[in-house]
Number of protein chains: 2
Amino acid sequence: VENFERVAIIGVGLVGGSIGPAIRERRLARETIGIGRRLASLAIAQDRGAVDRVTTMLSDGVRDCDLVVVATPVGAVVDTVLEAARYCAPGSLISDGGSTKAKIVEELDRRLGTSSKVHFVGSHPLAGDHRTGPVHARADLFVDRTVVVTPTTASDHGAVVRTCQLWRGLGARVVTMLPDEHDRKLAATSHLPHLVASALAATTPEDASPLAAGGWRDTTRVAASDPALWRPIFATNRQHVLDALDHFEHTVARFRRALATSDDAELEALLREAKRVRDVVGN
Amino acid sequence: VENFERVAIIGVGLVGGSIGPAIRERRLARETIGIGRRLASLAIAQDRGAVDRVTTMLSDGVRDCDLVVVATPVGAVVDTVLEAARYCAPGSLISDGGSTKAKIVEELDRRLGTSSKVHFVGSHPLAGDHRTGPVHARADLFVDRTVVVTPTTASDHGAVVRTCQLWRGLGARVVTMLPDEHDRKLAATSHLPHLVASALAATTPEDASPLAAGGWRDTTRVAASDPALWRPIFATNRQHVLDALDHFEHTVARFRRALATSDDAELEALLREAKRVRDVVGN
């Protein structure tokens, strides 16, 4: 039996474009509808059979849907959820895939209000890639990935359960935490690494880049991501990223001192501590 | 026809252990001899047929060899080359695979002297990996990789030509430059990224690491490397790494300012410049 009748997916990039085929493969809904603004992306989603129907008209697309997933860039999530809430069926569940959660969830809790006829629960599937867009979408994108679901005290309990079921149904491991806790942790595991990788790439002298090998390519890979997608991620998580950056720069300063004072024992101790943490998480 | 009669490879880790099978597959020498201190590594090289003969006795191993490749950790290269020079045949070529070049080449130019009966030419195959050791060795390790050969005014011209022929024969692209130029460029493309990746890994709060996904794993991957191999790389390239770190921190400071002052246009400009450099080098 399907978990959902009719699912609207707003934004058919890497994440949104993967939800349709994943839902179909696992028979989680009777019908999927892809909603987007760019016809080129909708055309790819349609050609690949990623969704059953496509439309650029949000109000039409979400009508009669019992689940709406907003997979737009972070900066557009709030307005898109509010618009979808006006048109989808009473009792519907709306979730999103935004990479930051506190600002989105706080604003929606406030603006939808407790009397809302629809329920919003924030999500963040940790399934990003520097290769974005619908051509990289795939039905197994969420398999064995982590999805963070971020309920608050204002969340409807049943809606939270259904949100977790959705992602588990797509093969993901689900963890729940408060939006601010999510943003603090993602600052350390995603946003700071992105900043650092970008600073590294930008710093590489042009005459040295022919000598860039595997280490450089790994370390700077995420810097190839779309700046327009990352600007609002940073903009909605400033303080946690700045805090994580302080912590990082404190460690960089220890490396600098060890290098400058020829304290090679300290240098090796720092490298050992880094390897210990890296090895825990694994490849 | 073979380029070399008998080749001794001192150190049978990832790089050294790959030279034997690569030479055999391409018939570049009549015989290969693996020399090492750790019996466990030699046993793996022998079991895999990576070399024709193995020995722990350097003086025996290099006798009658016309090519000796020193593939030990950076800190052991100079002494190992000097010892090999005492025992190998007159006219022999000795090269190495060390990740830094200026200190090694300067010291060997000085200590071997111009009247040396053997010729040393420095090399650095950009074929490293965080998975070190003989079990990861393979005959195609050098194919389409870059090898930097670092002759000086003291180098024998014929020896430089033979060194370049060796690496080209193993499938690599060869570029030549002065040792100091190599070290300056590798500080930017390898040593600084290693430092930054290590600082990022070490900085990750333990409670956040379950939320580490692909971006974190790519950005910190090289931090899993062996600290004992990297300590002497940093120790022999301090000033260039410190200079590269200055440059990096200047860019990080621009990111910090853009975040702290909500200058999102500047933030996006920084991300765009990083993407431009990253895209030039490619995956």
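Me: In what order do the strands of the open sheet in chain B stand, and how should their pairing be read?

Reply: Strands of a sheet pair through backbone hydrogen bonds, in either a parallel or an antiparallel manner. In this predicted model, eight strands of chain B make up an open sheet in the order β3-β2-β1-β4-β5-β6-β7-β8, and the pairing is mixed. β3 (53-55) and β8 (173-176) of chain B are the edge strands; each has a single partner strand, so one side of each lacks a neighbour in the sheet. From one strand to the next, the twist averages 25°.

Me: How many bridges join strand β1 to strand β2 of chain B, and do the two run parallel or antiparallel?

Reply: Strand β1 (residues 4-10) and strand β2 (residues 29-35) of chain B run parallel and are joined by six bridges. Within this part of the sheet, A8(B) stands opposite I33(B) in β2(B).

Me: Turning to a single residue, in which strand is T146(B) found, and is T146(B) buried or exposed?

Reply: T146(B) belongs to strand β7 (residues 146-150) of chain B. The relative accessible area of T146(B) is 10%, and the cut-off for a buried residue is under 20%; T146(B) is therefore classed as buried.

Me: Which residues does T146(B) touch, leaving aside those up to four places away in sequence?

Reply: The contacts of T146(B) include H124(B), P125(B), L126(B), R173(B) and V175(B) in chain B, together with P210(A) and L211(A) in chain A. The chain letter deserves attention here. T146(B) touches L211(A), whereas L211(B) lies 35 Å from T146(B), C-alpha to C-alpha, at a separation of 65 residues in sequence.

Me: How is the size of the interface between chain A and chain B expressed, and what area do the two chains bury?

Reply: The size of an interface is often given as the accessible area lost when the parts come together. Here chain A and chain B bury about 7,600 Å² between them, with 67% of it on carbon and sulfur atoms. Of the area that chain A buries against chain B, L211(A), L259(A) and R278(A) supply 10%, more than any other three residues. In terms of contacts, 81 residues of chain A meet 81 residues of chain B.

Me: How many salt bridges are counted between chain A and chain B, and which element gives the largest share of the side of chain A that touches chain B?

Reply: The count between the two chains is 12 salt bridges. In the one between E249(A) and R256(B), the closest N and O atoms are 2.8 Å apart. Elements giving two or more residues to the chain A side include β7 (146-150), α7 (179-203) and α10 (238-260) of chain A. The largest share, 17 residues, comes from α7(A).

Notes: Residues numbered from 1 in each chain as written. Chains lettered and ligands numbered in written order. Predicted model: local features only at pLDDT ≥ 70, side-chain atom pairs only at ≥ 80, totals over all residues. Heavy atoms only, no water. Helix = DSSP H or I, 4+ residues; strand = E, 2+ residues; numbered from the N terminus. Buried < 20%, exposed > 50% of the residue type's maximum accessible area, 1.4 Å probe, protein only. Contact = heavy atoms within 4.5 Å. Pairing = 2+ DSSP bridges. Axes fitted to C-alpha atoms, helices over the stretch in contact; angles between N-to-C directions. Buried area = accessible area lost by both parts, 1.4 Å probe. Salt bridge = Lys/Arg side-chain N within 4 Å of Asp/Glu carboxyl O.
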